[in-house]
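Hi everyone, and thanks for making time. I'd like to walk you through a structure that is probably new to most of you, so just follow along on the screen.

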Amino acid sequence: MSLNGRYSLGIVLTFVLLAASMLYSIPLINLFFNYKTLTADLFFYNRLSLWLVLVLVLIYNFFLENRSFFVWEEKKYSPLFYLGAVISLYFICLFGGAFLNAIIIFLTQEKPSERLLDLKNLFKNNYFLIIFTCLTAGVIEELLMRAYIQPRIEKIYNSPMLGVIVSSLLFGILHSTYGTIGQVVVPFFIGIVFALFYKKYSNIKILIICHFLIDFVSMMLMNFIDPKHLSLLNL
């Protein structure tokens with residue numbers, strides 16, 4: 001199989017494993033532990049399964065692709081650049097996501113995600129779970145969606161824009177498990193912003209930090225925000 005063929009298989013494998021983890025890990029875990037409801041422990045194991053996906057993709061990359069995980073060499077920047085980039089990306093995603101959410105709510109009268117309502121109770125004052133969840137999302141989603149999938153799509157089709165759009169679309173689809181239009185459109189928008197940044201600056205650490213920050217602030221706000229306003233959060 002050609003290198004592009006192995007890249008294509010790796011992209012499909014990565015997306016399928018991520019989707020399977022998000023959709024089916026909780027029912028599978030329940031086969032062994034028989035939780036009656038969604039608990040903090042069950043959700044922790046669900047997030048832990050995403051780290052297993054990363055390990056499997058790394059194994060595939062090492063043994064079958066036989067190439068560096070990072071198609072694009074990681075560039076180094078000054079601490080001041082890191083700070084400015086994280087702050088800029090955060091506010092672009094915050095205001096852009098809020099604007100898109102407002103439009104969607106106005107047009108569709110969409111109600112808050114039922115899953116967000118469940119998570120609000122789950123995360124209440126559980127700071128370990130909040131930090132672990134945010135760290136998992138930042139590390140796993142950025143390494144797999146941006147560092148792994150995006151440059152490989154670009155290489156296969158020789159199209160930087162296709163790499164940006166497809167990786168962002170897959171990122172949005174993965175968030176469809178929240179069950180609302182806003183929780184697909186906003187992640188797609190954030191995916192576009194992050195993918196464009198990664199294409200230009202080739203630094204995944206900045207995106208991991210910013211992704212963690214976006215989720216961390218949103219989850220902390222869940223402890224205080226009225227449930228009817230949960231749809232305004234970007235997760």
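I'll begin with the overall fold, then go to the core, the salt bridges, two loop residues and a patch on the surface.

A word of care before we start: what you see here is a predicted model.

So, what is the chain built from? It has eight helices and zero strands. If you read from the N terminus on, the order of elements is α-α-α-α-α-α-α-α, which at least makes the diagram easy to draw.

How about the overall dimensions? The C-alpha trace spans about 50 × 45 × 35 Å along its principal axes. For 235 residues, a compact globule would be expected to have a radius of gyration near 18 Å, and the chain has 18 Å, so the two agree. Buried residues account for 47% of the 235. The contacts tell us about the fold too: taking those between residues at least 6 apart in sequence, 79% join residues at least 24 apart. As for the outside, the chain exposes about 11800 Å², and carbon and sulfur atoms supply 72% of that.

Now let's go inside. The largest nonpolar core has 41 residues, and the ones that touch the most other members are Leu 18, Leu 89, Leu 143, Leu 144 and Phe 194. Which helices feed this core? At least two residues each come from helix 1 (3-33), helix 2, helix 3 (79-108), helix 5 (127-157), helix 6 (160-174), helix 7 (182-201) and helix 8 (204-221). Helix 5 contributes the most, with nine residues.

Let's zoom in on Leu 89. Setting aside neighbours within four places in sequence, Leu 89 is in contact with Val 193, Phe 194, Phe 197, Ile 206, Leu 207 and Cys 210. There is also another core, apart from the largest one, with 11 residues, among them Leu 122, Leu 129, Ile 130 and Met 219.

On to charges. Side chains of opposite charge can pair when their charged atoms come close. How many salt bridges does a search of the whole structure find? The count is four, and I'd like to show you three pairs.

Start with Arg 152 and Glu 65, whose side chains meet in a salt bridge at 3.0 Å, N to O. This pair links distant parts of the chain, with Arg 152 in helix 5 and Glu 65 in helix 2, 87 residues apart. Both Arg 152 and Glu 65 are buried.

Next come Glu 142 and Arg 146, which form a salt bridge at 2.8 Å, N to O. These two sit four residues apart in helix 5, so about one helical turn separates them. Are they buried or exposed? Glu 142 counts as buried because its relative accessibility is 0%, and Arg 146 is buried as well, at 0%.

Then there is Lys 199 with Glu 154, a salt bridge at 2.8 Å, N to O. Here again distant parts of the chain are linked: Lys 199 belongs to helix 7 and Glu 154 to helix 5, 45 residues apart. Lys 199 is partly exposed, at 35% relative accessibility, whereas Glu 154 is buried, at 13%.

Let's turn to two loop residues. Asn 158 is in the loop between helix 5 and helix 6, and its phi is near 50°, a positive value in a residue other than glycine. With a relative accessibility of 69%, Asn 158 counts as exposed.

Ser 202 lies in the loop between helix 7 and helix 8. Its phi is also positive, near 45°, and again the residue is not glycine. Is Ser 202 buried or exposed? It counts as buried, because its relative accessibility is 4%. And what is around it? Beyond neighbours within four places in sequence, Ser 202 is in contact with Trp 72, Glu 73, Glu 74, Lys 75 and Phe 197.

Finally, the surface. Please find the nonpolar patch of about 700 Å², made by Leu 52, Val 55, Leu 56, Ile 59, Phe 62, Phe 63 and Leu 64. Take Leu 56 as an example: this residue lies in helix 2, which covers residues 40-65, and it is partly exposed, with a relative accessible area of 37%.

That's my tour, and I'm happy to go back to any part of it.

Key
Residues are numbered from 1 along each chain as its sequence is written. This is a predicted model: local features need pLDDT of at least 70, side-chain atom pairs count only at pLDDT 80 or more; totals for chains, interfaces and linings use all residues. Side-chain values use heavy atoms; hydrogens and water are left out. Patches are made of residues with over 30% relative accessible area and no salt bridge: like charges are joined within 9 Å, nonpolar side chains (Val, Leu, Ile, Met, Phe, Trp, Tyr) within 5 Å. Accessible areas come from the Shrake-Rupley method with a 1.4 Å probe; for residues, only the protein chains shown count as cover. Buried means under 20% relative accessible area, exposed over 50%, partly exposed in between (1.4 Å probe, protein chains only). The radius of gyration is taken over C-alpha atoms; the globule rule is 2.2 Å times the number of residues to the power 0.38. Contact means heavy atoms within 4.5 Å. A nonpolar core is a set of buried Ala, Val, Leu, Ile, Met, Phe, Trp, Tyr and Cys residues joined through side-chain atoms within 4.5 Å.
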